[in-house]
Amino acid sequence: MCRFLSFAALKETYFDCPEALDDGMRLVASDLDNLMRHGLELRFGEALETFRLGVTGVKGDWPWLIEAGQIGRAHV
């Protein structure tokens, strides 16, 4: 299992500029989408291999997950 830090910012950064978190998440999602669809080509000697990456989980506390995922709260 591998864990990668893909985005970090002080809460004050995106509190003062709310679109900073959305912009950061948009960039991360775009990069991950590209790695899944097109992969990363690496050469091993004469062989050219394409590796694809798939995200299987996203971790964070509830406030961050709600904000980063733009999840609305609803009570039914």
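# A walk through the model

Start by selecting D23: this residue is partly exposed, because its relative accessible area is 38%, and partly exposed covers the range between the 20% and 50% cut-offs. Keep in mind as you click around that what you have open is a predicted model.

**Stop 1: helix α2**

With D23 still highlighted, add R26. Their side chains meet in a salt bridge, with 3.0 Å from N to O. Both residues belong to helix α2, 3 residues apart, which is about one turn of the helix. R26 has a relative accessibility of 52%, so it counts as exposed.

How many salt bridges does a search of the whole structure find? There are 2, and you can reach the other one without leaving this helix. Select D33 and R37: they form a salt bridge too, and their closest N and O atoms are 2.6 Å apart. Here the partners are 4 residues apart in helix α2, again about one turn of the helix. Is D33 buried or partly exposed? It is partly exposed, because its relative accessible area is 31%. R37, on the other hand, counts as exposed because it reaches 55%. As a bit of background, side chains of opposite charge can pair when their charged atoms come close.

**Stop 2: a nonpolar patch**

Stay on α2, which runs over residues 19-37, and pick L32. Now add L53, V55 and V58, and switch on a surface if your viewer has one. Together with L32, these residues make a nonpolar surface patch of about 320 Å². L32 itself counts as partly exposed, because its relative accessibility is 30%.

**Stop 3: the hairpin**

Next, select residues 40-44 for strand β1 and residues 47-51 for strand β2. Which way do they run relative to each other, parallel or antiparallel? The strands are antiparallel, and 5 bridges join them. To look at one pairing, click R43 in one strand and then L48, its bridge partner in β2.

Follow the chain round the turn. β1 and β2 form a hairpin with 2 residues between them. G45 sits in that turn and has a positive phi of about 65 degrees. E46 is also in the loop between β1 and β2. It is exposed, because its relative accessible area is 76%.

Before leaving the strands, show the rings of F44 and F51. The structure holds 1 aromatic pair, and this is it: F44 and F51 are edge-to-face, 6.1 Å centre to centre, with 75 degrees between the planes. Those two numbers are the usual kind of description, as a pair of aromatic rings is described by the distance of the centres and the angle of the planes. F51 counts as partly exposed because its relative accessibility is 40%.

**Stop 4: two distances to try**

Get your distance tool ready and use C-alpha atoms. Go from E46 to R73: these residues are 27 residues apart in sequence and 53 Å apart in space. Then try K11 and W64, which are 53 residues apart in sequence and 9.7 Å apart in space. K11 is found in helix α1, and it counts as exposed because its relative accessibility is 56%.

**Stop 5: after α3**

Now find helix α3 (62-68) and move on to Q70 in the segment after it. What is there to see in the backbone of Q70? Its phi is near 50 degrees, a positive value in a residue other than glycine. Q70 is exposed, because it has a relative accessible area of 57%.

**Last stop: colour by confidence**

Finish by colouring the model by pLDDT. The protein averages 84, and 92% of the residues score at least 70. Where is confidence lowest, and where is it highest? Helix α1 (residues 11-16) is at the low end with a mean of 80, while β2 is at the high end with 95.

Technical notes: Residues numbered from 1 in each chain as written. Heavy atoms only, no water. Pairing = 2+ DSSP bridges. Patch = residues over 30% accessible without salt bridge, like charges linked within 9 Å, V, L, I, M, F, W, Y side chains within 5 Å. Areas by Shrake-Rupley, 256 points an atom, 1.4 Å probe, with all protein chains shown as cover. Salt bridge = Lys/Arg side-chain N within 4 Å of Asp/Glu carboxyl O. Buried < 20%, exposed > 50% of the residue type's maximum accessible area, 1.4 Å probe, protein only. Phe/Tyr/Trp six-rings, centres within 6.5 Å; stacked < 30°, edge-to-face > 60°. pLDDT = per-residue confidence, 0-100.
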